[in-house]
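Thanks for making the time, everyone. I would like to walk you through one model this morning, beginning with its sheet and ending with the surroundings of its ligand.

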Amino acid sequence: MAVQTVASTTESVDLGPAAALSCRECGHRVPLGPVFACEECFGPLEIAYDFSGYDTEELRKRIEAGPANIWRYAPLLPVPADVAGKPNLNPGWTPLVKADNLARELGVTGGLYVKDDSGNPTHSFKDRVVAQALEAARAFGFTTLSCSSTGNLAGAVGAAAARAGFRSCVFIPHDLEQGKIVMAAIYGGDLVGIEGNYDDVNRFCSELIGDPAGEGWGFVNVNLRPYYAEGSKTLAYEIAEQLGWRLPDQLVVPIASGSQLTKIDKGLQELIKLGLVEDKPYKIFGAQAEGCSPVSVAFKAGHDVVRPQKPNTIAKSLAIGNPADGPYVLDIARRTAGAVEDVTDEQIVDAIKLLARTEGIFAETAGGVTVGVTRKLIESGVLDPTKTTVVLNTGDGLKTLDAVAGTGLTATIRPNLDSFKEAGLV
Ligand SMILES: *Cc1c(COP(=O)(O)O)cnc(C)c1O
Ligand SMILES: [Zn+2]
């Protein structure tokens, strides 16, 4: 396994409560560093914390007095205590919208909420995860920020690098939506299109990490992945705090690599262990597009392994055919008595329009996937409409305008009243 040790002594690394990296498969522990795979079994490494000094009520007060961004949860993240003062994009604390109109339309009576992450600095949830990886990159002395991206991550890395004074060079499939390409390029870093799909891009990045050409490069979702992934916990923290330090009964979460879903579960478990919320059952539902549904297919077939697919869907931000966290998503969906479901491209577009029409939220295709899956799961009786349900919208519809092409003018008229009246709108 290629191991870069830019900062050779991990003793000097201050990443707050992060104590070590531990293997999700065999539990083997290694010091904090830019590594992502276990040297014993090649399992994925994740952050192990030392939360032992925390008093529940003090912690709650400290969080509530914190900034209106993810750094209010700094005591629970792999970041230094003074992170809020460092140059970064300060994402998070996005609205939890009580979606009463959508609830009425879908027949939900137990309370329906949309966690709307489209308002983050680069208009997707990816700012949360990049902010963690940036702190790790600083700690390990990297000078270039990089990633393999389905689109949103590229923009988030470009912007974070610009703010923090890093060079950036990011890799995407060459045929992404124009909005995502412009978003990724505008911050002035290098943007490289690769002739292939996301899984090809990811493979390329793994090769680059092992090559001298990648020396000094922090790939947020590859060699910094254990740190990056923790950013998704903040979605869980915010949802619980915004519900009044309460767990929802049901969550509907999109799946690309499956990292977000996995870490939302980790965040909810931490809140329970820390005593910040009352322990009660919750169900996590994973959402995919039919054109890239490897986890959903495995769930329905009762399999423990995920068979890779070649993606073909308008939900490009979720188009990962070989999702790294797929098996863990299956575990969580089954453990919590949730499910994984998928919807067609047509249902995605309908759901984007439904959310916009009912709640004034313009979601990207990933939000169409979660809302569409929510609708499908209610219709099939899998999701309980009498329970508190949170649906994630993780990105902004302005980046995926092509998906709703054809939406436009109701009428074109001459600038006079007669012409307006002829148009049949009064
Ligand atoms: C990246 C992304 C996700 C989730 O990605 P995971 O790899 O599963 O963590 C969800 N929504 C959008 C819009 C994304 O860009
Ligand atoms: Zn291991």
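What you have on the screen is a predicted model, and the part I would start from is an open sheet of six strands, which in order reads β4-β5-β13-β10-β11-β12, with mixed pairing. At the edges of this sheet stand β4, residues 96-98, and β12, residues 339-343, and because each has a single partner strand, one side of each is left without a neighbour in the sheet. If we ignore direction, neighbouring strands here are turned against each other by 25° on average.

Let me stay with the β12 edge for a moment. Strand β11, which covers residues 283-289, runs parallel to β12 and is joined to it by five bridges; to give you a residue pair to look for, A289 has V343 in β12 as its bridge partner. Packed on the sheet you will also find helix α9, residues 259-273, which touches both β10 (250-254) and β11, and whose direction makes about 150° with that of β10.

As for the record, UniProt lists residues 91-395, in an unreviewed entry, as "domain: Tryptophan synthase beta chain-like PALP". Over that stretch the chain is 44% helix and 16% strand, with the end C-alpha atoms 13 Å apart.

That brings me to ligand 1, and to the question of which residues are the closest to it. There are 17 residues surrounding ligand 1, and the closest are A256, S257, Q260, T394 and G395. By character, the shell around ligand 1 divides into six nonpolar, nine polar and two charged residues.

Methods:
Residues numbered from 1 in each chain as written. Chains lettered and ligands numbered in written order. Predicted model: local features only at pLDDT ≥ 70, side-chain atom pairs only at ≥ 80, totals over all residues. Near = placed C-beta within 6 Å. Nonpolar A, V, L, I, M, F, W, Y, C, P; charged D, E, K, R; others polar. UniProt positions renumbered as here; feature names shortened; annotations may be inferred. Helix = DSSP H or I, 4+ residues; strand = E, 2+ residues; numbered from the N terminus. Pairing = 2+ DSSP bridges. Axes fitted to C-alpha atoms, helices over the stretch in contact; angles between N-to-C directions. Contact = placed C-beta atoms within 7 Å.
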